[in-house]
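Here is a short tour of a protein fold for someone who is just starting out. Have a look at the picture first, then read along.

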Amino acid sequence: MFENFKRNRKLKAFRSNNVRCVQYSPESRVIALNAGRLGAQLGFDLVEFDGKLQLAFHGDLIAGDGEALARVMKTMWNQQLPEFNEDERLREQLGKQSHLVPSEIAESGFENSAQEAEILYFRDMADYVAGMPNVVTVTVKTSWQIDK
């Protein structure tokens, strides 16, 4: 009876601006979030969709809500993405520089800027976010019959 009420309350809380990251574990790709007194744990990974790599969130009902995912991305904006830096296809998609081998870094003299160019952040994937599993609820209110 109260499942719908609890679900709506949680979605409303995570759609607000008070979403905080409690714990971020890049190795296991898990984010623990709080919105008021309500908490959620989301996992994330790269998946291919429509020929592009997307950052997909899964694990809680907020992963299927676009506005809640926007708040999650806002909260995680300056956090580094784990081990996605080695994916050349992702770097090409984002228009980032590829890795430089140590001899090239030493020759160029730009050690700090080359290392900074290799790091990917959540903000780099802002245009490529999806919730998984995607659940679509369709309600038919009326039906129409077309007569010729």
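Before we start, one term: a polar contact is a pair of N or O atoms within 3.5 Å, where within protein one atom must be able to donate a hydrogen and the other to accept it. Keep in mind, too, that this is a predicted model.

**The overall picture**

The protein chain holds five helices and five strands. Walking along from the N terminus, you meet them in the order α-β-β-β-β-α-α-α-α-β. The chain has 148 residues, and 34% of them count as buried. Its accessible surface comes to about 10,300 Å², with 50% belonging to carbon and sulfur atoms. Now take the contacts with a separation of 6 or more: residues 24 or more positions apart account for 59% of them.

**The sheet**

How are the five strands ordered in the open sheet? They run E1-E2-E3-E4-E5, and the pairing is mixed. E1 and E5 stand at the edges with a single partner strand each, so one side of each has no neighbour in the sheet. On average, neighbouring strands here are turned by 30° against each other, if you ignore direction. Helix H1 (residues 3-15) packs on this sheet and touches E1, E2 and E3. The direction of H1 makes about 75° with that of E3.

Let's zoom in on E4 (residues 52-58). Five of its seven residues are buried, so the strand is largely enclosed by the rest of the structure. E4 pairs with strand E3 (residues 38-49) in the antiparallel sense over seven bridges, and with strand E5 (residues 129-131) in the parallel sense over three bridges. If you want to find some of these pairings yourself, Glu-48 has Leu-53 in E4 as its bridge partner, Leu-55 stands opposite Val-129 in E5, and Phe-57 is matched with Gly-131 in E5. As a general rule, side chains in a regular strand alternate between the two faces of the sheet.

E3 and E4 also form a hairpin, with two residues between them. In that turn sits Asp-50, which has a positive phi of about 55°.

**Positive phi in the loops**

Two loop residues that are not glycines have a positive phi as well. Here they are side by side:

| Residue | Phi | Loop between |
|---|---|---|
| Arg-29 | about 60° | strand E1 (19-25) and strand E2 (30-35) |
| Glu-83 | near 40° | helix H2 (66-75) and helix H3 (88-94) |

Are these two residues buried or exposed? Arg-29 has a relative accessible area of 18%, and the cut-off for buried is under 20%, so Arg-29 counts as buried. Glu-83 is at 52%, and exposed means over 50%, so Glu-83 counts as exposed.

**A buried aspartate**

Finally, look for Asp-124 in the loop between helix H5 (111-118) and E5. Its relative accessible area is 17%, so with the cut-off of under 20%, Asp-124 is buried. What does the side chain of Asp-124 make a polar contact with? The partner is the side chain of Lys-96, at 3.2 Å. A polar atom of the Asp-124 side chain also lies 2.9 Å from the backbone nitrogen of Tyr-121. Setting aside neighbours within four places in sequence, Asp-124 is in contact with Leu-94, Lys-96 and Ile-119. Lys-96 thus turns up in both descriptions of Asp-124.

Notes:
Residues numbered from 1 in each chain as written. Predicted model: local features only at pLDDT ≥ 70, side-chain atom pairs only at ≥ 80, totals over all residues. Heavy atoms only, no water. Helix = DSSP H or I, 4+ residues; strand = E, 2+ residues; numbered from the N terminus. Buried < 20%, exposed > 50% of the residue type's maximum accessible area, 1.4 Å probe, protein only. Contact = heavy atoms within 4.5 Å. Areas by Shrake-Rupley, 256 points an atom, 1.4 Å probe, with all protein chains shown as cover. Pairing = 2+ DSSP bridges. Axes fitted to C-alpha atoms, helices over the stretch in contact; angles between N-to-C directions.
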